[in-house]
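I opened the notebook to look at one chain and its strands. My plan is to go from the pairing of strands to single residues, and then to the chain as a whole.

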Amino acid sequence: MAKAGIHPEWYPEAQVFCNGEHVMTVGSTRAKLQVDVWSGNHPFYTGTQKIIDTEGRVERFMRKYGMTDVEMPTADANSGPIKMEDPKADAAKAAAKGKKKK
């Protein structure tokens with residue numbers, strides 16, 4: 001059993017208020033709780049969350065590093081997946097070409 005006299009009073013029916021309106025009842029060490037946000041008005045839980053991404057990440061990267069004149073490959077229905085050239089792979093091939101076995 002808990003030691004007497006050292007624990008705060010427990011209110012099993014504490015009232016939670018948001019914007020002056022009773023929204024739920026919980027257990028707490030306070031009789032009344034005033035909150036600004038709860039699951040009933042938070043955008044994540046209500047499904048009204050808006051993800052703000054006005055420009056794509058690739059376009060932002062290209063603009064940031066001055067590569068705005070570089071054309072990005074596009075896929076059409078018949079071409080299959082987009083294949084990007086890998087500069088590291090090209091460098092490895094060039095290095096391998098220069099080091100032929102004798």
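Before looking up partners I need one term: two strands count as a pair if DSSP finds at least two bridges between them. I also note that this is a predicted model.

**Entry 1: the elements.** I read along the chain and found three helices and three strands. From the N terminus on, the order is β-β-β-α-α-α.

**Entry 2: the sheet.** I asked in what order the three strands lie in their sheet. The sheet is open, its order is β2-β1-β3, and its pairing is mixed. The edge strands are β2 and β3, and each of these pairs on one side only. I also looked up the twist: neighbouring strands of this sheet are turned by 30 degrees against each other on average, with direction ignored.

As background, I wrote down that strands of a sheet pair through backbone hydrogen bonds, either parallel or antiparallel.

**Entry 3: the two pairings.** Strand β1 covers residues 11-18 and strand β2 covers residues 21-28. These two run antiparallel, and six bridges join them. On the other side I looked at β1 with β3, where the strands run parallel and four bridges join them. Strand β3 covers residues 32-35.

**Entry 4: partners, residue by residue.** Which residues are the bridge partners of Q15 in β2 and in β3? In β2 the partner is T25. In β3 the partner is K32. I then checked V16, whose bridge partner in β2 is M24. For F17 I looked towards β3 and found Q34 standing opposite.

**Entry 5: the turn of the hairpin.** The hairpin of β1 and β2 has two residues between the strands. I picked out N19, which lies in the loop between β1 and β2. N19 has a positive phi of about 55 degrees although it is not a glycine. Is N19 buried or exposed? N19 is exposed, because its relative accessible area is 65% and the cut-off for exposed is over 50%.

**Entry 6: C18.** My next stop was C18, which is found in strand β1. The relative accessible area of C18 is 3%. The cut-off for buried is under 20%, so C18 counts as buried. What does C18 touch, leaving out residues up to four places away in sequence? The list is V23, Q34, V35, D36, V37, W38 and N41. I took W38 from that list and looked up its distance from C18. The two residues are 20 apart along the chain, and their C-alpha atoms are separated by 7.5 Å.

**Entry 7: the whole chain.** I finished with the totals. The chain has 102 residues, and 6% of these count as buried. C18 is buried, whereas N19 is exposed. How much surface does the protein chain expose? The value is about 9,800 Å², of which carbon and sulfur atoms supply 55%. Last, I looked at contacts between residues at least 6 apart in sequence, and 0% of these join residues at least 24 apart.

Key
Residues are numbered from 1 along each chain as its sequence is written. This is a predicted model: local features need pLDDT of at least 70, side-chain atom pairs count only at pLDDT 80 or more; totals for chains, interfaces and linings use all residues. Side-chain values use heavy atoms; hydrogens and water are left out. Axes are lines fitted to C-alpha atoms, for helices over the stretch in contact, and angles run from 0 to 180 degrees between N-to-C directions. Buried means under 20% relative accessible area, exposed over 50%, partly exposed in between (1.4 Å probe, protein chains only). Contact means heavy atoms within 4.5 Å. Accessible areas come from the Shrake-Rupley method with a 1.4 Å probe; for residues, only the protein chains shown count as cover.
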